[in-house]
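Me: I should like to learn how to read the packing of a helix and the interior of a protein model. Please take me through an example.

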Amino acid sequence: MAKAILTQAAAITKLGLTYGDGPGQIDCTGYINRAITSAGWKDIPTASTGQIASGQYGGANFELAKGGPLPGEVILLDAGRGPHTHAILVDSVDHGRVTSFYASDSSGPSPHGPGGPQLVNVNSWWAKRMTAGKAYDIC
């Protein structure tokens, strides 16, 4: 399932969307939710970072990961506005460290890390926030 979600996340980056919640825009959880539903999950409700973190969808669609991070997991992190204010979708991991991920930020949905246009974004700013964040499995 993780591979299908990541494939859809990559496809969404090519749609020309910008960041936001209006027409032609997508925010971080909207991006992740769209990747999940595009991968074939039709009965998953749209979840915000707060709903995922509070366990509102725990056990039904998202549950706290045991171990990880692993490709296909969602990490909730503090983007400078408090805990669980941003979500990323893990693409690849090397020795327990996230090396690439998908996120929607001020430039819209995009890959971050090797192979992506934003190579510089897997840096200490992101690493610090990922370390402090919590990973969730999509189930």
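Me: Against which elements do the buried residues of α1 pack?

Reply: Contact means heavy atoms within 4.5 Å, and buried means under 20% relative accessible area with a 1.4 Å probe, protein chains only. Helices (H or I, at least four residues) and strands (E, at least two) are DSSP runs, numbered from the N terminus. Here the buried residues of α1 pack against α2, β5, β6 (97–105), β7 (108–112) and β8. This is a predicted model: local features need pLDDT of at least 70, side-chain atom pairs count only at pLDDT 80 or more, and totals for chains, interfaces and linings use all residues. Residues are numbered from 1 along each chain as its sequence is written, and side-chain values use heavy atoms, with hydrogens and water left out.

Me: Which residues of α1 are buried, and why do they lie on the same side of α1?

Reply: An α-helix has 3.6 residues a turn, so residues three or four places apart point the same way. In α1 the buried residues are I5, L6, A9, A10 and I12. They cover an arc of only 160° around the axis (taken from the directions from the helix axis to the C-beta atoms), which puts them on the same side of α1.

Me: How should a buried serine such as S104 be read?

Reply: One looks for its partners. S104 lies in strand β6 and counts as buried because its relative accessibility is 1%. Its side chain reaches the backbone oxygen of I26 at 2.9 Å. Leaving aside residues up to four places away in sequence, S104 touches Y19, I26, D27, C28, Y31, H86 and P109.

Methods:
Buried means under 20% relative accessible area, exposed over 50%, partly exposed in between (1.4 Å probe, protein chains only). A polar contact is a pair of N or O atoms within 3.5 Å; within protein, one must be able to donate a hydrogen and the other to accept it, and residues adjacent in sequence count only if both atoms are side-chain atoms.
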